[in-house]
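Biologist: Walk me through the labels on this one, please. I'd like the reasoning behind each, not just the verdict.

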Amino acid sequence: ASHMGAVYGFTSALTAIPEHKLGVIVLNTDDINIGPVRKINNTALALLLKAYLGEEPPAPAKPIPLSHEELATFTGEYESESYWAAINFRGNALEANISGQLNSLTPVAPLKFEAYGRQLFDQFFEFQRNEAGEIISFTAMGQKFTRVDPTKVTPIPQAWHAYLGSYGPDFIPLIITQRNGRLYAMTENLYDYRMTPASATVFNMCPGMYTDEELIIQIDANGKVHGITLANMPLKRN
């Protein structure tokens, strides 16, 4: 039996095996720090199972060596139905920025990487090649990310530039940005979520924190953007 919770400034996890009277509680005073808390929780539980029941934890995935040239073939911009992704080098290793959240990538197979970061633990990125051997996509977080061809990116409409910016309270703002010709809304101090236009001022939110909700741009009589409404929550422009 387990549950995980997070709110602004705190993250927690509780796991229990009632029949063996074993349990782990992790309390963390950091903002929505899911990856490290899950890692601590799972490691502690594995130690308990070994000490009390003699159960060995599953063997972790073993890293494999890939050359700098091989790693370079994975770098670039990608996007899914919900997120943007940028894979670049950090030192001699790869780092994946998923809509604003950084994750280290450790190769465990020629086309498979283990990801770890503030939001991700025990997650794998699996890449796909085309017939020419080029990396064209990867799957992760339950979605498919397709490589972005920068030569085919269309700039956002001029009217959308007025929507860019910060809305709502300072400690948890909603921030609208652009990436590869699309608008994204960073919510709950988590990810940039993709906004799909339904009309000139109404956008559908993607799978994620506000699945099936609408983000509505509020414009005054003078044509100036003064706020937004998301999931019936009015947020003033900062």
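Biologist: Why is Tyr193 called buried?

Modeller: Tyr193 has a relative accessible area of 4%. Buried means under 20%, exposed over 50%, and partly exposed in between, using a 1.4 Å probe and protein chains only, so Tyr193 is buried. Tyr191 gets that label too, because its value is 7%.

Biologist: And the ground rules?

Modeller: This is a predicted model, where local features need pLDDT of at least 70 and side-chain atom pairs count only at pLDDT 80 or more, while totals for chains, interfaces and linings use all residues. Residues are numbered from 1 along each chain as its sequence is written, and side-chain values use heavy atoms, leaving out hydrogens and water.

Biologist: What does the protein look like overall, in helices and strands?

Modeller: There are two helices and 19 strands, all taken from DSSP runs numbered from the N terminus (H or I of at least four residues for a helix, E of at least two for a strand). The C-alpha trace spans about 70 × 50 × 30 Å along its principal axes, and 37% of the 238 residues count as buried.

Biologist: What makes the largest nonpolar core a core, and which residues touch the most other members?

Modeller: A nonpolar core is a set of buried Ala, Val, Leu, Ile, Met, Phe, Trp, Tyr and Cys residues joined through side-chain atoms within 4.5 Å. Here 44 residues make up the largest one, and Phe125, Phe138 and Leu215 touch the most other members. A second, separate core holds eight residues, including Ala13, Leu22, Val24 and Leu45. That fits the general trend: in soluble globular proteins, nonpolar side chains tend to be buried together.

Biologist: What is Phe125 in contact with, leaving aside its neighbours within four places in sequence?

Modeller: Contact means heavy atoms within 4.5 Å. By that test, with those neighbours left out, the partners of Phe125 include Ala96, Ile98, Leu105, Leu111, Phe113, Phe138 and Ala140.

Biologist: Asn41 isn't on the list of core residue types. Why does Asn41 count as buried?

Modeller: Its relative accessible area is 5%, so Asn41 is buried. Asn41 lies in helix H1, residues 34-53. Beyond four places in sequence, Asn41 is in contact with Ala13, Leu14, Thr15, Val24 and Val26.

Biologist: Tyr52 lies in H1 as well. Is Tyr52 buried or exposed?

Modeller: Exposed, because its relative accessible area is 61%. Tyr52 and Leu22 sit 30 residues apart in sequence, with their C-alpha atoms 8.8 Å apart.

Biologist: How do you know that Val225 is buried?

Modeller: Val225 comes in at 7%, so it is buried. Val225 lies in strand E18, residues 225-230. Its contacts outside the four-place window include Ala162, Tyr163, Tyr167, Ile217 and Arg237. Tyr163 is 62 residues away along the chain, yet the two C-alpha atoms are separated by 6.8 Å.

Biologist: How many aromatic pairs turn up?

Modeller: The search of the whole structure finds 16. One of them is Tyr8 with Phe171, at 6.1 Å centre to centre and 70 degrees between the planes. Rings of Phe, Tyr and Trp (its six-membered ring) pair if their centres lie within 6.5 Å; planes under 30 degrees apart count as stacked, over 60 as edge-to-face, and the rest as tilted. So Tyr8 and Phe171 are a pair, and edge-to-face. They link distant parts of the chain: Tyr8 is in the loop between E1 and E2, Phe171 in the loop between E12 and E13, 163 residues apart.

Biologist: Why do Tyr8 and Phe171 get their accessibility labels?

Modeller: Tyr8 has 34%, so it is partly exposed, while Phe171 has 56% and therefore counts as exposed. Tyr191 and Tyr193 also form an edge-to-face pair, with 6.1 Å between centres and 70 degrees between planes. Ring pairs link both into a cluster that includes Phe74, Tyr78, Phe113, Phe125 and Phe138.

Biologist: What is special about phi in Asn180 and Asn232?

Modeller: Asn180 has a positive phi of about 55 degrees although it is not a glycine, and phi of Asn232 is near 70 degrees, also positive. Asn180 lies in the loop between E13 and E14, and at 25% it counts as partly exposed. Asn232 is in the loop between E18 and E19, and at 74% Asn232 is exposed.
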